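User: I'm new to reading protein models, and I'd like a close look at one part of this one. Could you walk me through how the helices pack against each other, and what sits around that contact?

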Amino acid sequence: MVNVDTLKPIEELSFREAMSELDSIVAVLESNTLELEESLKSYERGVALLSALQGRLNDAQQKVEVLMGELTAEPEDRVRDATLS
């Protein structure tokens with residue numbers, strides 16, 4: 001059983017650590033072995049982990065899109081510069 005009160009802050013977890021913790025929380029909640037209060041705390045932690053993970057994925061996706069845009073932007077910039085002069 002995971003004691004959510006003694007866990008590291010979510011922002012200090014690596015992506016892999018956060019995913020692993022979320023998997024553990026889901027497994028414990030699905031086992032239906034926790035008391036109501038523990039279930040609520042675990043559920044709240046799971047929601048916070050999920051939100052943080054989604055935010056990290058969105059950030060990573062935006063970075064990839066920017067990098068991909070930089071790769072394809074060069075030829076277009078040259079064409080634009082040539083037509084403006």
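Analyst: Let's start with the whole chain and then zoom in. Buried residues account for just 16% of the 85 residues here, and keep in mind that this is a predicted model. The chain has 2 helices and 0 strands. Its accessible surface comes to about 6700 Å², and carbon and sulfur atoms make up 56% of that. Now look at which residues touch: among contacts between residues at least 6 apart in sequence, 72% join residues at least 24 apart.

Now for the core. The largest nonpolar core contains 7 residues: Ile10, Leu13, Ala18, Leu22, Ile25, Leu49 and Leu53. Both H1 and H2 give two or more residues to this core, and H1 gives the most, with 3 residues. Try clicking on isoleucine 10, one of the core members. Leaving out residues up to four places away in sequence, isoleucine 10 touches Arg45, Ala48, Leu49, Ala52 and Arg56. Leu49 on that list is a core residue as well.

Arg45 deserves a stop of its own. Arginine 45 forms a salt bridge with glutamate 21, and their closest N and O atoms are 2.5 Å apart. This pair links distant parts of the chain: arginine 45 belongs to helix H2, glutamate 21 to helix H1 (residues 15-31), and 24 residues separate them. Are these two partners buried or exposed? Arginine 45 has a relative accessible area of 12%, so it falls under the 20% cut-off and counts as buried. Glutamate 21 is buried too, because its relative accessible area is also 12%. As a general idea, side chains of opposite charge can pair when their charged atoms come close.

The count of salt bridges comes to 2, so let's find the other one. Lysine 8 pairs with glutamate 17, with 3.8 Å between the closest N and O atoms. Here lysine 8 is partly exposed, at 40% relative accessibility, and glutamate 17 is partly exposed as well, at 38%.

Next, follow the chain out of H1 into the loop. Asparagine 32 sits in the loop between H1 and H2. With 68% relative accessibility, asparagine 32 counts as exposed. What stands out about its backbone is phi, which is near 60°, a positive value in a residue other than glycine. For comparison, most residues other than glycine have a negative phi.

Just past the loop, you come to serine 39, in helix H2 (residues 36-84). Serine 39 touches Leu29 and Leu34, if you skip residues up to four places away in sequence. The C-alpha atoms of serine 39 and valine 28 are separated by 8.6 Å, and the two residues are 11 apart along the chain. Serine 39 is partly exposed because its relative accessible area of 21% is between the 20% and 50% cut-offs.

Finally, look for nonpolar side chains on the outside. Phe15, Met19 and Leu57 make a nonpolar surface patch of about 250 Å². Phenylalanine 15 lies in helix H1, and it is partly exposed, with a relative accessible area of 34%.

To pull it together, you've got a core to which H1 and H2 each give two or more residues, plus a salt bridge between arginine 45 and glutamate 21 that also links H2 with H1.

Terms used:
Residues numbered from 1 in each chain as written. Predicted model: local features only at pLDDT ≥ 70, side-chain atom pairs only at ≥ 80, totals over all residues. Heavy atoms only, no water. Helix = DSSP H or I, 4+ residues; strand = E, 2+ residues; numbered from the N terminus. Buried < 20%, exposed > 50% of the residue type's maximum accessible area, 1.4 Å probe, protein only. Contact = heavy atoms within 4.5 Å. Areas by Shrake-Rupley, 256 points an atom, 1.4 Å probe, with all protein chains shown as cover. Salt bridge = Lys/Arg side-chain N within 4 Å of Asp/Glu carboxyl O. Core = buried A, V, L, I, M, F, W, Y, C linked by side-chain atoms within 4.5 Å. Patch = residues over 30% accessible without salt bridge, like charges linked within 9 Å, V, L, I, M, F, W, Y side chains within 5 Å.
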